[in-house]
Amino acid sequence: MKLKSRWMAALLSFVLLFSFCMGDLQTVQAKVKAKKLELNYTSVTMQKGAKLTLRVTSVSPAGALKKVTWKSSKKKVVSVSKKGVITAKKKGTAAITVKAKSGGKKVKCKVKVTNRKKPASKVLVAYFSATGTTKGIAKKVAKATGGTLYQITPAKNFPLSEGTNGKASDMLACPFGDS
């Protein structure tokens with residue numbers, strides 16, 4: 001029983017000593033001041049609503065910790081999280097400032113936010129109108145759907161069928177032959 005107690009005491013002493021030494025190691029690292037910071041972007045243009053992650057790519061000297069704080073000069077234009085994720089909120093320009101916790105070295109990233117571009121319409125309203133009636137209907141459909149209007153024009157004029165009075169309204173539905 002005494003042997004078991006001695007082993008437990010020795011193990012506990014080792015764990016405490018090890019954790020104490022690691023605490024001192026971290027303290028020594030924190031005392032090394034950052035003299036230079038670099039980001040993955042120095043300036044960026046984003047559309048309203050877009051997100052992008054800024055990262056510290058290098059810290060000099062090498063022993064300095066990469067712990068930093070993030071701050072936006074105009075929070076209404078662009079916001080930044082504790083992890084460096086920037087979100088474009090409103091058209092304008094702002095600066096994201098990154099400050100090293102060890103040494104206070106600062107670096108900035110300029111951010112320009114533009115309005116979101118209107119996406120191209122996915123609706124195509126194509127029409128052929130000999131009399132103009134179809135064109136009017138096609139315009140209404142394009143307006144209602146936000147579509148793009150496209151007029152189909154034949155390479156050759158369609159022949160009028162025999163026995164018509166020569167009006168376009170008397171054209172055959174299928175001008176390429178009997179249907």
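Let me begin with a single residue, T97, which at 18% relative accessibility counts as buried, because the cut-off for that word is under 20% relative accessible area. Please keep in mind throughout that what we have here is a predicted model.

T97 has its place in strand β8, and if we set aside its neighbours within four places in sequence, it is in contact with T69, W70 and K71, and also with K106, V107 and K108. One of those contacts can be placed further, since K71 is the residue that stands opposite T97 in β8. The strands concerned are β5 and β8, the latter covering residues 92-100, and they pair in the antiparallel sense over five bridges. As a general reminder, strands of a sheet pair through backbone hydrogen bonds, and they can do so either parallel or antiparallel.

So much for one pair; now to the sheet around it. Four strands form an open sheet, and if you follow them across, the order is β2-β9-β8-β5, with mixed pairing. Which strands lie at the edges? They are β2, residues 43-47, and β5, residues 68-72, each of which pairs on one side only. Going from one strand to the next, the twist averages 25°.

Next, the interior. The largest nonpolar core has 23 residues, and those with the most contacts inside it are I86, I96 and V111. Two or more residues are given to this core by each of β1 (36-39), β2, β4 (56-60), β5, β7 (85-88), β8 and β9 (106-114), and the largest share, four residues, comes from β8. In general terms, nonpolar side chains in soluble globular proteins tend to be buried together.

I96 deserves a closer look. Leaving out its neighbours within four places in sequence, I96 is in contact with L54, W70, K71, S72, V78, V80, I86, V107, K108, C109 and V111. That list includes I86 and V111, the two residues named alongside I96 as having the most contacts inside the core. W70, K71, V107 and K108 are in contact with I96, and these four residues also appear among the contacts of T97.

Finally, a word on charged side chains. How many salt bridges does the count come to? The count comes to one, and it is formed by K36 with E38, whose closest N and O atoms are 3.1 Å apart. Are these two residues buried, exposed or partly exposed? K36, at 41% relative accessibility, counts as partly exposed, and E38, at 33%, likewise counts as partly exposed, because that term covers what lies between under 20% and over 50%.

Methods: Residues are numbered from 1 along each chain as its sequence is written. This is a predicted model: local features need pLDDT of at least 70, side-chain atom pairs count only at pLDDT 80 or more; totals for chains, interfaces and linings use all residues. Side-chain values use heavy atoms; hydrogens and water are left out. Two strands pair if DSSP finds at least two bridges between them. Axes are lines fitted to C-alpha atoms, for helices over the stretch in contact, and angles run from 0 to 180 degrees between N-to-C directions. A salt bridge is a side-chain nitrogen of Lys or Arg within 4 Å of a carboxyl oxygen of Asp or Glu. Buried means under 20% relative accessible area, exposed over 50%, partly exposed in between (1.4 Å probe, protein chains only). Contact means heavy atoms within 4.5 Å. A nonpolar core is a set of buried Ala, Val, Leu, Ile, Met, Phe, Trp, Tyr and Cys residues joined through side-chain atoms within 4.5 Å.
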